[in-house]
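Hi there,

Here is the structure I promised to pass on. Have a look at it first, and my notes on what turned up follow below.

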Amino acid sequence: MSDDGQLIIEERDRIAFVTFNRPEKLNAWTFEMSNELREYLWGLNEGEYRIRCVVMTGSGRAFCSGADVGNLAARQGGERPPWRPPHPEAHITEALRRCNAPVIAAINGYALGMGLGIAMGCDIRIAADDARFQVAQMKRGLTADTALAHSLPAAIGAERAMELMFTARMIEADEAERIGLVLKVVPADSLLDEAEALAREIAKSGPLGVAAAKRTVYLRDDDAFQRAHDFLGLTMDRLFMTEDAREGISSFAERREPEFPGR
């Protein structure tokens, strides 16, 4: 567990349960959460396959409501050296993809913006019937980061993905299942039981073969993923400096509709 309790990680019976633990902020994502989760996932590749599957979920009413607004605002000020990643949280999707253990997202409540990106970075997604999904970055004057512009089309097709990205329309669990965004929808009170049952089935399989299969699946578009990841890093760096981003972030903090000047 992190010092401030933003992540809770419990290991039992070869399954890791990772809970985003900022319920008062709807689990809005922070630099600290990214750093700890990334280190943990990479660490699983160094052991003796003690963990065969990872289940990730959020505490309270949300899986993750997106990047913390305080983090977004801080990113707009000051000079950064050119080698510093402009959006370090985005690298969590790479860590999810490279982790040898399969990762199941047990999506409760809101999965918005970066929260949706994290969910899409997982290998399998199970949603509670109260789950809600949105590419919220478009309402902040930003773009579909956290590799969403890559993972969404891969999951649901380019046309549907662009409609969700361009409009920032929020969709409910039943639509998410219908279009292939999630594997299945279950009652909210049985979400973790369903995710754990699937994780236990996965844990019975040979871990070397599972890891090889996961890498082979992603191998088919590794180059495209990396190019998209690198391009989004540069794009987000520029977008954070625009008037649109300032308006998008301030309007969100002030709870009003944004008026984007387009510059």
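**Cavities and cores**

Helix α9 (residues 207-219; helices are DSSP runs of H or I, at least four residues, numbered from the N terminus) gives three residues to the lining of the largest cavity, the most of any contributor. Please bear in mind that this is a predicted model, where local features need pLDDT of at least 70 and side-chain atom pairs count only at pLDDT 80 or more, while totals for chains, interfaces and linings use all residues. Residues are numbered from 1 along each chain as its sequence is written, and side-chain values use heavy atoms, with hydrogens and water left out.

A cavity here is a set of points on a 1 Å grid over the protein atoms alone where a 1.4 Å probe fits but cannot get out, and lining residues have an atom within 4 Å of a point. Points are joined across faces, edges and corners, and a volume is the space filled by probe spheres set on them. The whole structure has two cavities of 30 Å³ or more. The largest has a volume of about 90 Å³. It is lined by 13 residues, and Tyr49, Ile51, Arg52, Asn100 and Ala101 are the closest to its centre.

The second largest cavity, at about 30 Å³, has Phe133 and Leu181 in its lining, along with Leu116 and Ile171 among others. Leucine 181 is in contact (heavy atoms within 4.5 Å) with Leu116, Phe133 and Ile171, among others, leaving aside neighbours within four places in sequence.

Best wishes

Note on methods. 1 Å grid on protein atoms, 1.4 Å probe; cavity = no way out; pocket = protein on both sides within 12 Å on 5 of 7 lines; lining within 4 Å. Helix = DSSP H or I, 4+ residues; strand = E, 2+ residues; numbered from the N terminus.
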